[in-house]
Amino acid sequence: MSIFIDRNSTVIVQGITGRDGSFHTKQMIEYGTRIVGGVTPGKGGQKFEGSVPVFNTVHEAVKATGANTSVIYVPPMYAADAIMEAADAGVGFIVAITEGVPVNDMTRVHPFVKEKGARLLGPNCPGLITPGQSKVGIIPGRICTPGSIGVVSRSGTLTYEVVYQLTRAGMGQSTCVGIGGDPINGTSFIDCLAAFEADPHTSAVAMMGEIGGTDEQEAAEFVRTRMKKPVVGFIAGQTAPPGRRMGHAGAIISGSAGTAAEKLASFEKAGMGIARRPIEFVEQLRARM
Amino acid sequence: MDHQSGEGVNIHEFQAKELLRAEGVPIPPGDVATTAEQAEAIARKIGGMVVVKAQVHTGGRGKAGGVKLAKTASEAGQIAAKILGMQINGLTVHQVLVTAAADIASEAYVGIILDRASRKPVFMVSPAGGIDIEEVAAKTPEKIMKLPIDTRYGLQPYQASELGFFLFPDDVKKVRAASRIMMSLYQAFMKHDASLAEINPLVVTPAGEVLALDAKISIDDNALDRHPDLVKLRDETAEEPSEVDARNSSLTFIKLDGNVGCVVNGAGLAMATMDLVKYYGGEPANFLDIGGSSNPEKVVNALRIITGDPSVKVILFNIFGGITRTDDVANGIVTATKANPLRIPIVIRLTGTNEEIAMKILKDNGFSASSDMDEAVQQAVALATKGGKAA
């Protein structure tokens with residue numbers, strides 16, 4: 001009925017007492033997410049909002065709550081450690097919202113998480129939402145509505161824009177996933193596409209990529225060879241000048257790998273629909289369903 | 001291979017060489033000068049032939065005449081006088097590096113680049129050095145050896161040796177020297193949180209010495225918080241002033257050539273907004289991401305930077321409130337325009353968190369706003385094209 005999270009996901013929040021962590025924990029609880037605990041070293045034993053138990057370590061939190069998902073709001077210099085702590089404690093799905101994590105930290109984290117058998121989403125991502133069931137991260141719940149479109153994107157607000165337009169057009173979503181804008185992230189487009197292909201409740205996928213790198217081209221190749229469900233793609237940064245980093249660490253055109261033209265050509269080759277503007281997702285998806 | 005050069009903070013060649021020297025990389029002696037007199041004095045101290053090299057953040061310095069050989073100290077001074085103040089790819093040369101010239105028997109390339117695909121730093125080495133490595137990669141990929149490094153263990157001596165033998169298949173002495181240099185380069189890469197570190201060329205002298213003649217390092221700017229020493233190396237005179245101003249206001253800003261000034265929250269939406277401006281026949285004047293947190297001060301700074309560009313004919317706000325509260329953005333617009341009334345039209349698109357409050361704030365202060373992105377962009381493009389006046 002969804003990918004990665006559903007109404008049964010039990011979630012702990014690392015950094016629950018921080019500014020961002022506490023704000024978004026309230027939002028997640030309000031949305032219906034099963035927040036079973038939080039972690040802030042030194043604040044173990046407290047209750048967040050009078051009801052959510054706070055622990056000193058992720059190990060303690062997992063032992064006491066049996067959580068299978070963790071969401072991380074700790075500052076960038078501590079994020080890598082927080083991710084590894086969650087993976088080491090046996091959390092199966094880790095969502096790192098933190099922006100600005102040093103990339104070399106992620107080169108250590110990635111193989112560690114993999115060896116522990118966990119899935120990491122992010123960092124520098126808005127998280128994900130399965131409308132009507134659960135949200136983990138910061139995607140505004142009210143712009144989403146339950147349905148059968150899978151959404152996967154490298155960016156935050158652009159995802160909201162597309163989801164908002166889909167919802168307005170009456171096209172609900174199975175799960176919306178933001179994989180994050182950093183050059184090294186845990187979950188790729190392909191991971192999400194494979195999960196959507198396998199999910200019986202997803203009928204089509206909207207994919208928002210950006211200039212820079214070759215992730216979208218590889219994703220298109222996956223669509224061409226491994227997917228039966230229709231996929232519509234969009235590339236942000238079609239008019240961006242080469243060699244300049246557009247906010248996201250990943251969004252830079254360099255050499256021949258990473259231009260919008262190259263990515264759109266790979267979409268075309270894969271038989272994907274192409275949305276030239278965010279609003280075009282609606283008609284492109286509709287034409288393929 | 002996804003070449004990530006250009007990402008992060010670029011530091012000058014002389015600074016990169018200092019960082020590498022500290023790790024034990026053999027580099028000919030040299031120092032940086034801002035005047036011809038200083039350059040002459042450095043050359044005199046070094047003695048013999050020197051090279052005078054422009055210190056600017058751009059490639060093609062040699063072709064542009066920014067790298068010259070001098071036989072004597074006084075010639076070094078004369079050359080420095082010519083290079084200082086020179087424009088290379090639009091950047092003014094404020095500093096030159098004066099360094100001892102080395103005799104070259106052969107040139108190689110050694111670099112470490114962060115690779116998205118393998119999610120690791122990757123060593124790239126090639127016996128075809130001294131030229132653009134991307135060109136080598138495109139034309140003669142067999143001349144490049146790539147080796148991804150597991151940063152949990154670091155570069156192992158046997159790996160450095162494998163890379164060394166690729167460069168010098170039949171000279172174990174050079175292999176050892178090159179391997180030591182690669183171990184040091186890796187140390188520098190990790191220690192300073194680089195996203196790119198390269199030595200090009202790595203030369204062998206006729207006497208068999210292995211030396212780094214040129215070096216480039218880019219620092220991952222996500223890591224700058226733990227490297228206050230490296231923040232100081234950033235040369236703001238080598239950057240676009242409005243971009244420096246924006247960075248100091250915690251905004252991500254890139255100046256472009258058009259006339260539609262864009263203020264957007266989030267990098268992806270900011271790029272999509274630029275694309276939509278172009279789609280409707282306009283030209284964006286900039287990329288500007290006010291980021292996730294909603295702080296009216298950021299909006300004030302964004303407006304100041306954008307209106308500082310005389311080519312901007314219309315301002316376009318595109319805000320999708322998630323973490324960003326749209327009422328904060330509305331308050332920022334009101335505050336900024338009260339302090340400095342706008343002389344050009346503004347088109348506002350706001351939707352998301354606290355949208356009703358934001359719309360009321362704007363309306364009460366005489367602004368109109370739309371909640372539709374396409375509509376707002378079309379309106380902005382129309383105003384920019386006919387140079388409209390009304391807000």
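**Sheet, helix and interface in a two-chain model**

Trainee: In what order do the strands of the open seven-strand sheet in chain A run?

Mentor: The order is E9-E8-E11-E10-E12-E13-E14, with mixed pairing. Keep in mind that this is a predicted model.

Trainee: And which strands stand at the edges?

Mentor: Strand E9 (134-137) and strand E14 (273-274) of chain A. Each has a single partner strand, so one side of each lacks a neighbour in the sheet.

Trainee: Parallel or antiparallel for E10 and E11 of chain A?

Mentor: Parallel, over five bridges; E10(A) covers residues 146-153 and E11(A) covers residues 173-178.

Trainee: Which residue is the bridge partner of A:Val151?

Mentor: A:Cys176, in E11(A).

Trainee: What does H9(B) touch on the sheet?

Mentor: H9(B) packs against strand E12 (204-210) and strand E13 (231-236) of chain A. The direction of H9(B) makes about 85° with that of E13(A).

Trainee: Back up to the whole contact, then. How many residues does each chain put in?

Mentor: There are 51 residues from chain A and 51 residues from chain B.

Trainee: Which elements of chain B supply at least two residues each?

Mentor: Strands E9 (120-126), E14 (252-255), E16 (286-289) and E18 (346-352), plus helices H9 (267-279) and H13 (373-386), all of chain B. H9(B) gives the largest share of that side, 11 residues.

Trainee: How do the residues on that side of chain B divide by type?

Mentor: Into 20 nonpolar, 15 polar and 16 charged.

Trainee: Different topic: helix H8 of chain A. Which of its residues are buried?

Mentor: In H8(A), residues 260-269, the buried ones are A:Ala260, A:Lys263, A:Leu264, A:Ser266 and A:Phe267. They cover an arc of only 155° around the axis, which puts them on the same side of H8(A).

Trainee: What covers them?

Mentor: The cover includes E12, E13 and E14 of chain A, along with helix H7 (215-226) of chain A.

Trainee: What phi does A:Gly271 take, just after H8(A)?

Mentor: A positive one, about 75°.

Trainee: Now chain A overall. How many helices and strands?

Mentor: Nine helices and 14 strands.

Trainee: How does its radius of gyration compare with that of a compact globule?

Mentor: It agrees: chain A has 18 Å, and a compact globule with 289 residues would have a value near 19 Å. The C-alpha trace of chain A spans about 55 × 40 × 30 Å along its principal axes.

Trainee: What share of chain A counts as buried?

Mentor: 60% of the 289 residues. As for contacts in chain A with a separation of 6 or more, 72% are between residues 24 or more positions apart.

How values were computed:
Residues are numbered from 1 along each chain as its sequence is written. Chains are lettered from A and ligands numbered from 1 in the order in which they are written. This is a predicted model: local features need pLDDT of at least 70, side-chain atom pairs count only at pLDDT 80 or more; totals for chains, interfaces and linings use all residues. Two residues are in contact if their C-beta atoms, placed from the backbone, lie within 7 Å. Helices (H or I, at least four residues) and strands (E, at least two) are DSSP runs, numbered from the N terminus. Ala, Val, Leu, Ile, Met, Phe, Trp, Tyr, Cys and Pro count as nonpolar, Asp, Glu, Lys and Arg as charged, and the others, Gly among them, as polar. Two strands pair if DSSP finds at least two bridges between them. Axes are lines fitted to C-alpha atoms, for helices over the stretch in contact, and angles run from 0 to 180 degrees between N-to-C directions. A residue is buried if 20 or more other C-beta atoms lie within 10 Å of its own, exposed if 12 or fewer, and partly exposed in between; C-beta atoms are placed from the backbone. The arc is that of the directions from the helix axis to the C-beta atoms. The radius of gyration is taken over C-alpha atoms; the globule rule is 2.2 Å times the number of residues to the power 0.38.
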